Amino acid sequence: VGLPARHAVTTEGGLFRIDSIPPGKYVLQLSHPILDSLGIGVRSDTVNVAEGQLQPIELAIPSARTVISTVCSPAKLRFGPGVILGRVVDADTYRPATGAEVSVAWTETEVSQTTGIETAPRLRTTTVASDGTYRICGVPPNFTGSLQAALGQAKTAEVPITVAAQPLSIRMLFMPPSVGAAPPAGTRPGAVGAVAGAASPSAAAPGDSVPVPAPSRVARAVI
């Protein structure tokens, strides 16, 4: 942070190196597509760099449990331990789809002495924040449903989603342009956007849960 063009990409072992740093005080910032989709930033404490010094730094990615406790209160988790969150952006401009409604729908099988066995539909909704993030807290574990975002006349496709043993599922949704809407000022004509309704780039396929790496996976650096 504070030094333009001073960055590095971690190796498979979580190692990175940033060199040619002038002496001074600095803060390191960790960026990752998953963290960006959650609206979560990770920064180090202030690091004092002296001339000719090798400074080891460790940055940890928050665990799924930490993320859940940060974004959802216990009251919101009373209906279930699962959480679905991510970001909704315009497919052409990648601008936040502020105010869009995100809904997840699924069915549950209920058994009672009165009605016997019947299937009941369930629906949970939330509103996209100004930075494009959304969160749906308190979904049940081990269910399969569909996720969709809507803003005015524009809707994403219904994206299949499966919540398994991993309580945290992450989805990035791409909103198609509104019907008849003019492109925002400064938008590049003909810009190619992602397919509307697609899952997060970090997800292997629509419907797969994307686990947040455990805190034991850290980025280690020498600057």
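Biologist: When are two strands said to pair in this model?

Modeller: Two strands pair if DSSP finds at least two bridges between them. The model is a predicted one. In it, three strands form an open sheet with mixed pairing, in the order β10-β7-β14.

Biologist: What makes β10 and β14 the edges of the sheet?

Modeller: β10 (133-139) and β14 (168-175) each have a single partner strand, so one side of each has no neighbour in the sheet. From one strand to the next, the twist averages 20 degrees.

Biologist: How do you know that β7 is joined to β14, and which way do they run?

Modeller: The criterion asks for at least two bridges. Eight bridges join β7 (residues 82-90) to β14, and the two strands run parallel. Within this pairing, Val 89 has Phe 174 of β14 as its bridge partner.

Biologist: Why is β14 called mostly covered?

Modeller: A residue is buried when its relative accessible area is under 20%. In β14, eight of its eight residues are buried. Both faces are covered: one side carries Leu 168, Ile 170, Met 172 and Phe 174, and the other Ser 169, Arg 171, Leu 173 and Met 175.

Biologist: What makes the buried residues of helix α2 lie on the same side?

Modeller: In α2 (residues 64-71), the buried residues are Ala 64, Val 67, Ile 68 and Val 71. They cover an arc of only 100 degrees around the axis, which puts them on the same side of α2. An α-helix has 3.6 residues a turn, so residues three or four places apart point the same way.

Biologist: Which exposed residues does the face of α2 turned away from its buried side carry?

Modeller: That face carries Arg 65, Ser 69 and Thr 70. Exposed here requires over 50% relative accessible area.

Biologist: Why is the contact between Cys 72 and Cys 137 called a disulfide?

Modeller: The cut-off requires the cysteine sulfur atoms to be within 2.5 Å. Those of Cys 72 and Cys 137 are 1.9 Å apart, and the two residues form a disulfide. The structure holds one disulfide. The pair links distant parts of the chain, 65 residues apart: Cys 72 is in the loop between α2 and β7, and Cys 137 is in strand β10.

Biologist: How do you know whether this disulfide is left-handed or right-handed?

Modeller: The torsion about the S-S bond of Cys 72 and Cys 137 is about -75 degrees, so the disulfide is left-handed.

Biologist: Are the two cysteines buried or exposed?

Modeller: The limit for buried is under 20%. Cys 72 has 4% relative accessibility and therefore counts as buried. Cys 137, at 11% relative accessibility, also counts as buried.

How values were computed. Residues numbered from 1 in each chain as written. Predicted model: local features only at pLDDT ≥ 70, side-chain atom pairs only at ≥ 80, totals over all residues. Heavy atoms only, no water. Helix = DSSP H or I, 4+ residues; strand = E, 2+ residues; numbered from the N terminus. Axes fitted to C-alpha atoms, helices over the stretch in contact; angles between N-to-C directions. Buried < 20%, exposed > 50% of the residue type's maximum accessible area, 1.4 Å probe, protein only. Arc of directions from axis to C-beta.
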